[in-house]
Amino acid sequence: MKFPLLATIVAATALSGCASYRTNSNITSEPTSAVNSKINVLIIEGVPDKKYRELGPVEVSVKKLTVFHKDPTKEQANEVLIEKARIIGADAVIKVTYKSGIGFTTWGYIDAKGTGVKLSE
């Protein structure tokens, strides 16, 4: 009788947290228009070859919620960077850096930060 109960507890724990990742950012507002969602945003770890105007910092954190999920990836962090860059009207995030590890409140995370910019034509 103890085995089915234990199996149920293990299965419930493994399946808990259907939303397996949580994101945080320094940019909290929503896009001001549907046009923002169409902006193609570049992620550049260095600086672009063309002139640009800085709009401000873009910082995000992607955290996994349970030990059973895969560690967050750079690609996931880039998706959130792009989403937040669109909110401020940026068409690129430059000088992007990444940091990952395990935190006090998460089983694993990746932080990404850079500068949102508007590239010159």
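Tutor: A salt bridge is a side-chain nitrogen of Lys or Arg within 4 Å of a carboxyl oxygen of Asp or Glu. This is a predicted model, in which local features need pLDDT of at least 70, side-chain atom pairs count only at pLDDT 80 or more, and totals for chains, interfaces and linings use all residues. Residues are numbered from 1 along each chain as its sequence is written, and side-chain values use heavy atoms, with hydrogens and water left out.

Student: By this rule, how many salt bridges are there?

Tutor: Side chains of opposite charge can pair when their charged atoms come close. One such pair is Lys64 with Asp71, at 3.0 Å from N to O. Under the rule, the count comes to four.

Student: Which residue forms a salt bridge with Lys74, and where does that partner lie?

Tutor: The side chain of Lys74 meets that of Glu45 at 3.2 Å, N to O. The pair links distant parts of the chain, 29 residues apart: Lys74 is in helix H2 (residues 74-87), helices being DSSP runs of H or I with at least four residues and strands being E runs of at least two, numbered from the N terminus. The partner is Glu45, in the loop between strand E2 (42-43) and strand E3 (52-64).

Student: Is Lys84 buried or exposed?

Tutor: Buried means under 20% relative accessible area, exposed over 50%, and partly exposed in between (1.4 Å probe, protein chains only). Lys84 forms a salt bridge with Glu83, the closest N and O atoms being 3.9 Å apart, and Glu83 counts as partly exposed because its relative accessibility is 43%. Lys84 has a relative accessible area of 11%, so the residue is buried.

Student: Which residues touch the most other members of the largest nonpolar core?

Tutor: A nonpolar core is a set of buried Ala, Val, Leu, Ile, Met, Phe, Trp, Tyr and Cys residues joined through side-chain atoms within 4.5 Å. The largest one has 17 residues; E3, H2, E4 and E5 each give two or more, and H2 gives the most, with six. The members that touch the most others are Val41, Leu81 and Val93.

Student: What is the relative accessible area of Val93?

Tutor: Val93 is found in strand E4. Not counting residues up to four places away in sequence, Val93 is in contact (heavy atoms within 4.5 Å) with nine residues' worth of neighbours listed as Val41, Leu42, Ile43, Ile44, Leu81, Ala85, Gly114, Thr115 and Gly116. Val93 is buried, with a relative accessible area of 0%.

Student: Which residue in strand E4 has a phi near 55°?

Tutor: This phi is a positive value in a residue other than glycine. The residue counts as partly exposed, at 38% relative accessibility. It is found in strand E4, and its name is Lys95.

Student: Which element has the lowest mean pLDDT?

Tutor: The predictor's confidence in each residue, pLDDT, runs from 0 to 100. The protein averages 83, and 76% of the residues score at least 70. Over residues 12-17 the pLDDT is below 50, and this stretch has five contacts in the model beyond near neighbours in sequence. E4 has the highest mean (97), whereas the lowest (53) belongs to helix H1 (residues 2-15).
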